[in-house]
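Student: I'm new to this structure and would like a close look at a single part, the open space where something might fit between residues. Please explain the terms as they come up.

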Amino acid sequence: MPQQDGDGANLGKDVLIIAHRGASGERPEHTLASYERAIDQGADYVEPDLVFTKDGFLVARHENAITDTTDVADHPEFADRKTSKTIDGHALTGWFTEDFTLAELRTLRARERLPELRRSSADFDGLFQIPTFDEIIALVRVKENETGRTIGIYPETKHPSYFEAIGLSFDGPLLKTLHNAGYVSADAPIFIQSFEIDNLRRLDKLTDIRLIQLIRVAPNPADHPELDYKMMTSASGLKDIAQYADGIGVQKTLVLPRSDDDRSTAPSSLVADAHMAGLDVHIWTLRRENIFLPAEYRQGNEPQTMGDFAGEIAAFVAAGVDGIFTDNTKEVVSALSD
């Protein structure tokens, strides 16, 4: 359970709940069904990862590689689209969104990315299309009218320098879509996030929308391989980030490191250092299954079994984080409200 203050007030009450790819622990990720379920479960924000189609539409996929998250391999008409590419230094073979028009992508259906862990979600394979960013915004507006509450959107620009190199820049299409939908100010319920640096710096000059610098243990930023994320989380690095971003979205082990026996240790200074620099801290990604939990929160030996998820949530709330990315909105809402 989340930590409480001396008056018994819940210290987790202001922690943002960010539905990572929607309710991706229960429905195939980045589908309208996944986003809607997360909203219905109480998410403050839904998080679409954005990539481009061949004809320049923004669609939601975790990666531009769609071999594992769609049924594209079952479509003989697209067999000749299978190819090999290098994306951010990684050699990949498969099918990629930028080689399909939107109309072609609409003939595909989403699949659960982790069927061995999430069998109930895999039961929904083949039912849902790949949504456009416009459709996600439209869904959010419908659900806001239905529920009477504000629902935020937290898009990530995926591989921006790669897409820029093939003539598909996020800057114009993304901001046009958001500004046309009324997301224009720093208090709008929107964050734009990226692991890269230069696109956030450009966006900072073009919009007042809040920006989040994503940070992980490794590898280095694709557009600045000379930098490593350890440098970026130093006191001087955080001050530099604060020149163009409003917060950081960090891999959870950067806040609660793990020891050699895979147990959580004392919190690092990152949250305090970031707050000192004027940055919010959102952590990714909290998941309920044993395989994703530190050793002290696992229950039983099966990787797909739900562990003491509430215990891990409480530890991060106590560490002072401002937001939590999660695949399991329902459980986080419950833990933060207890």
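Tutor: Let's begin with a term: helices (H or I, at least four residues) and strands (E, at least two) are DSSP runs, numbered from the N terminus. A second one is the pocket: on a 1 Å grid over the protein atoms alone, it is an open set of points with protein on both sides within 12 Å along at least five of seven lines, and lining residues have an atom within 4 Å of a point. This model is predicted, so local features need pLDDT of at least 70 and side-chain atom pairs 80 or more, while totals for chains, interfaces and linings use all residues. Residues are numbered from 1 along each chain as its sequence is written, and side-chain values use heavy atoms, with hydrogens and water left out.

Now for the pocket itself. The largest one has a volume of about 910 Å³, a volume being the space filled by probe spheres set on grid points joined across faces, edges and corners. It is lined by 43 residues, and H62, E63, K158, F195 and R216 come closest to its centre. Strand 6 (90-94), strand 8 and strand 12 (280-286) each bring at least two residues to that lining, and the top contributor is strand 6, with four. Sorted by class, the lining holds 14 nonpolar, 15 polar and 14 charged residues. Here Ala, Val, Leu, Ile, Met, Phe, Trp, Tyr, Cys and Pro count as nonpolar, Asp, Glu, Lys and Arg as charged, and the others, Gly among them, as polar.

From strand 8 you can step over to helix 7. In helix 7 (residues 198-206), N199, L200 and L203 are buried (under 20% relative accessible area with a 1.4 Å probe and protein chains only; exposed is over 50%, partly exposed in between). They span an arc of only 95 degrees around the axis, so they sit on the same side of helix 7; the arc is that of the directions from the helix axis to the C-beta atoms. The buried residues of helix 7 pack against strand 8 (156-157), as well as helix 5 (160-165), helix 6 (171-180), strand 9 (191-194) and strand 10 (210-215). Contact here means heavy atoms within 4.5 Å.

It's worth setting the pocket beside a closed space. A cavity is a set of points where a 1.4 Å probe fits but cannot get out, and the count comes to one cavity of 30 Å³ or more. The largest cavity holds about 40 Å³ of space. Its lining is K252, T253, L256, R258, S264, P294, E312 and F316, which by class makes three nonpolar, two polar and three charged residues.

Take E312 from that list. It lies in helix 11 (residues 309-318) and, at 1% relative accessibility, counts as buried. Leaving aside neighbours within four places in sequence, E312 is in contact with K252, L286, R287, L293, P294 and Y297. Its C-alpha atom is 9.0 Å from that of E296, 16 residues away along the chain.

F316, also in the cavity lining, leads on to V255: with neighbours within four places set aside, V255 touches F316, and its other contacts include V250, P267, L270, V281 and I283.
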